[in-house]
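Hi everyone, thanks for coming. I'd like to walk you through one structure today, so have a look at it first and then we'll go through it piece by piece.

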Amino acid sequence: MPRLDAIERTALLTAAIRAAESRRPDRLYDDPYAAAFAGDVGPELLAEVRSVTFPSGRARTLPSTPDYNAIRTRFFDEYLTAAVRDPAVEQVVIAPVGMDARAFRLPWPRRIRLFEVDRPVVLSVKDDVLGDPPCAVDRRQVGVDLRADDWTDRLLAAGYDPAAPSVWLLEGLLYYIPEPDVHRILDGVRAMTAPGSLVAADVVNGAALRLPTMRGLLDVFAGWGCPWLFGTDEPEALFAAHGVAATAVQPGEPAADYGRWPDPVPPREETEVRRVFFVHGLRTGD
Ligand SMILES: C[S@@+](CC[C@H](N)C(=O)[O-])C[C@H]1O[C@@H](n2cnc3c(N)ncnc32)[C@H](O)[C@@H]1O
């Protein structure tokens, strides 16, 4: 297997979480590909996260990454499935895709062109595990670095049409990205999306990057070499600044709970609490 760097290996962590979720009798989704994608490394990464999150003999203060991820996956499964019911939508961009198997798992209309964007080495590892299974959509892989200047050109070269409506999902990305590059990536999305397109992401709040009660989890990611770098208390304003009129939902709120979020959701005015948002909205015409 080609060597993955720390941030690329988080794709294996996510796959391991999805594999564990898929084994639960009360699972929020089934991902039959996840265990193979996770390999041996993914469960090792997950074990590190679990050991800091669920310390024996002490109450949990960290967010439950497995529950968060289960809710996130289900939430965005439903989001994408609903979005492509609009017959005008023919393009879906998952950036980054990591080991996400939605191309195979979700019931896509046949007209959909699905762009899987990630670093080239991640896509190559994914291909090695997958082989060449049948796919109901026109699946196109785009190997790029989203922090580089050329990723939009590479997407265009893969057949993406920026004048046609599209649906975008930036899942499990923005907290690893330095703030100036977050804005550059969202500018790129803006340049690539026609008005009426849909854009979604998950993003943590500012306190999640600095609260002492987050330390254990932050230290794990920093120790791997992929620290969490970006958070915002105003995800709607972040998206608005990049041409997307968005709403933000937190796990544990009625629209994103599924009976699984174990923690209270304090009112938005409270800033010194950890939060994560599912932010999604409509590309406006400006
Ligand atoms: C936590 S995984 C999430 C993957 C996928 N969205 C999912 O939910 O399964 C993070 C992914 O971000 C990718 N990534 C991080 N920084 C990137 C960059 N600058 N360009 C492209 N991909 C990047 C990594 O390679 C990895 O696959």
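Let's start with a question: on strand β1, residues 91–94, are the residues on the two faces buried or exposed? Keep in mind that this is a predicted model. Okay, here goes: Gln91 and Val93 sit on one side of β1, Val92 and Ile94 sit on the other, and all of them are buried. So both faces of this strand are covered. If you're wondering about that split, side chains in a regular strand alternate between the two faces of the sheet.

Now, who sits beside β1? One partner is strand β2, residues 113–118, and the two pair in the parallel sense over 4 bridges. Follow Gln91 across and you land on Arg113, its bridge partner in β2. Another partner is strand β4, residues 166–170, which runs parallel to β1 and is joined to it by 4 bridges. Here Gln91 has Ser166 as its bridge partner. As a reminder, strands of a sheet pair through backbone hydrogen bonds, either parallel or antiparallel.

We can keep walking. β4 also pairs with strand β5, residues 198–204, again in the parallel sense and over 4 bridges. Along that pairing, Leu170 stands opposite Ala201 in β5.

Zoom out, and you get an open sheet of 7 strands, in the order β3-β2-β1-β4-β5-β7-β6, with mixed pairing. At the edges are β3, 138–143, and β6, 244–249, and each of those pairs on one side only. On average, neighbouring strands of the sheet are turned by 20° against each other, ignoring direction.

Next, the core. In soluble globular proteins, nonpolar side chains tend to be buried together. Here the largest nonpolar core has 77 residues, and among those with the most contacts inside it are Leu12, Ala16, Val117 and Trp168. Helix α1 gives the most to this core, with 8 residues. Take Ala16: leaving out residues up to four places away in sequence, it touches Ala38, Gly42, Pro43, Leu45 and Leu46.

Last stop, the ligand. How many residues surround it? The number is 20, and the closest are Ala11, Pro96, Gly98, Leu146 and Gly172. Which element supplies the largest share of that shell? That would be helix α1, residues 6–23, with 5 residues. By class, the shell has 9 nonpolar, 4 polar and 7 charged residues.

So if you remember one helix from today, make it α1: it gives the most to the core, and the largest share of the ligand's shell comes from it too. Thanks!

Methods
Residues numbered from 1 in each chain as written. Predicted model: local features only at pLDDT ≥ 70, side-chain atom pairs only at ≥ 80, totals over all residues. Near = placed C-beta within 6 Å. Nonpolar A, V, L, I, M, F, W, Y, C, P; charged D, E, K, R; others polar. Buried ≥ 20, exposed ≤ 12 C-beta atoms within 10 Å, placed from the backbone. Pairing = 2+ DSSP bridges. Core = buried A, V, L, I, M, F, W, Y, C linked by C-beta atoms within 7 Å. Contact = placed C-beta atoms within 7 Å. Axes fitted to C-alpha atoms, helices over the stretch in contact; angles between N-to-C directions.
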